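Hi,

Here is the structure I said I would pass on. Have a look at it first, and my notes on what turned up follow underneath.

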Amino acid sequence: MEAIGVLLACPMSPYLEQELDRRFKLFRFWNFPQKMEFLKENSSSIRAVVGNAMAGADAELIELLPRLEIVANHGVGLDKVDLGKCKEKGIRVTNTADVLTEEVADLAIGLILATLRRISECDRYVRSGLWKKEEFKLTTQVCFLLSSVSFLGQCF
């Protein structure tokens with residue numbers, strides 16, 4: 001049985017590349033300077049494309065891969081995948097949606113705290129020695145703000 005060909009659109013983590021290489025016939029697209037020539041020679045064995053936010057599968061690439069069954073995007077966005085062409089050809093498209101949702105929410109809370117409490121400004125104030133010469137201005141209390149937002153939520 002012929003090994004399934006996977007076209008890796010751009011470099012990824014070493015672990016991912018190693019696992020794909022172990023399980024499939026992996027083609028690292030960036031290693032082929034003559035891309036059209038490479039595709040003509042190998043298009044019949046490529047059944048999957050793995051991309052990310054930097055490189056994916058546009059309409060031209062999809063047309064050149066007659067046995068393409070899936071485009072797997074290693075990331076949350078699909079900007080580099082021609083979804084219309086994939087739908088037209090019945091090609092499955094996957095991504096890692098929601099993989100970073102909690103991390104983004106955590107960072108947003110951290111940025112809100114840092115902004116309201118002026119943490120970066122406070123750090124510069126202390127490091128520069130200004131604390132010996134002048135007082136630092138009061139900042140916004142986060143608990144007061146959150147209780148106000150909670151109250152507004154109860155009104156609607």
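Cys122 comes out as partly exposed, with a relative accessible area of 23%. Keep in mind throughout that this is a predicted model. Cys86, on the other hand, is buried, at 1% relative accessibility. I went looking for disulfides and the count is zero. For Cys86 the reason is plain distance: the closest cysteine sulfur belongs to Cys10 and is 16 Å away, which is too far for a bond. The cut-off for a disulfide is 2.5 Å between the sulfurs.

Now the inside. The largest nonpolar core has 16 residues, and Leu7, Val49, Leu61, Leu65 and Val71 are the ones with the most contacts inside it. Helix H2 (35–42), strand E3 (46–51) and helix H3 (59–64) are the elements that give two or more residues to this core. There is also a second, separate core of 11 residues, with Val6, Met12, Leu26 and Ala55 among them.

Leu7 is worth clicking on. Setting aside neighbours within four places in sequence, Leu7 is in contact with Phe27, Phe29 and Phe38, as well as Leu39, Ile46, Ala48, Val49, Val50, Leu61 and Leu65.

Several of those phenylalanines come up again among the rings. How many aromatic pairs does a search of the whole structure find? There are four. One of them is Phe29 with Phe38: the ring centres are 5.9 Å apart and the planes are at 50 degrees, so I have this pair down as tilted. Both partners are buried, Phe29 with a relative accessible area of 12% and Phe38 at 5%. Ring pairs also join Phe27, Phe29, Phe32 and Phe38 into a cluster. Phe29 has a charge for company too, since the charged end of Lys35 sits over its ring, 4.7 Å from the centre.

Gln34 is a contrast to those buried rings. This residue is in the loop between strand E2 (25–28) and H2, and it is exposed, with a relative accessible area of 53%. Measuring from C-alpha to C-alpha, Gln34 is 22 Å from Val71 in space, with their positions 37 residues apart in sequence.

On to the helices further along. Helix H5 (residues 101–116) has 16 residues, and at 1.5 Å a residue these should span 22 Å. The end C-alpha atoms of H5 are 23 Å apart, which agrees.

After H5 comes a residue to check by eye. Arg118 has a positive phi of about 50 degrees although it is not a glycine. Most residues other than glycine have a negative phi. Arg118 lies in the loop between H5 and helix H6 (119–127).

Ile119 is in helix H6 and counts as partly exposed, at 47% relative accessibility. Beyond its neighbours within four places in sequence, Ile119 is in contact with Leu113 and Ala114. Ile119 and Thr139 are 20 residues apart in sequence, and their C-alpha atoms are 9.5 Å apart in space.

Over to you!

Technical notes. Residues are numbered from 1 along each chain as its sequence is written. This is a predicted model: local features need pLDDT of at least 70, side-chain atom pairs count only at pLDDT 80 or more; totals for chains, interfaces and linings use all residues. Side-chain values use heavy atoms; hydrogens and water are left out. Buried means under 20% relative accessible area, exposed over 50%, partly exposed in between (1.4 Å probe, protein chains only). A nonpolar core is a set of buried Ala, Val, Leu, Ile, Met, Phe, Trp, Tyr and Cys residues joined through side-chain atoms within 4.5 Å. Helices (H or I, at least four residues) and strands (E, at least two) are DSSP runs, numbered from the N terminus. Contact means heavy atoms within 4.5 Å. The expected span of a helix is 1.5 Å times one less than its number of residues. Rings of Phe, Tyr and Trp (its six-membered ring) pair if their centres lie within 6.5 Å; planes under 30 degrees apart count as stacked, over 60 as edge-to-face and the rest as tilted. A charge sits over a ring if NZ of Lys or CZ of Arg is within 6 Å of the ring centre and within 35 degrees of the ring normal.
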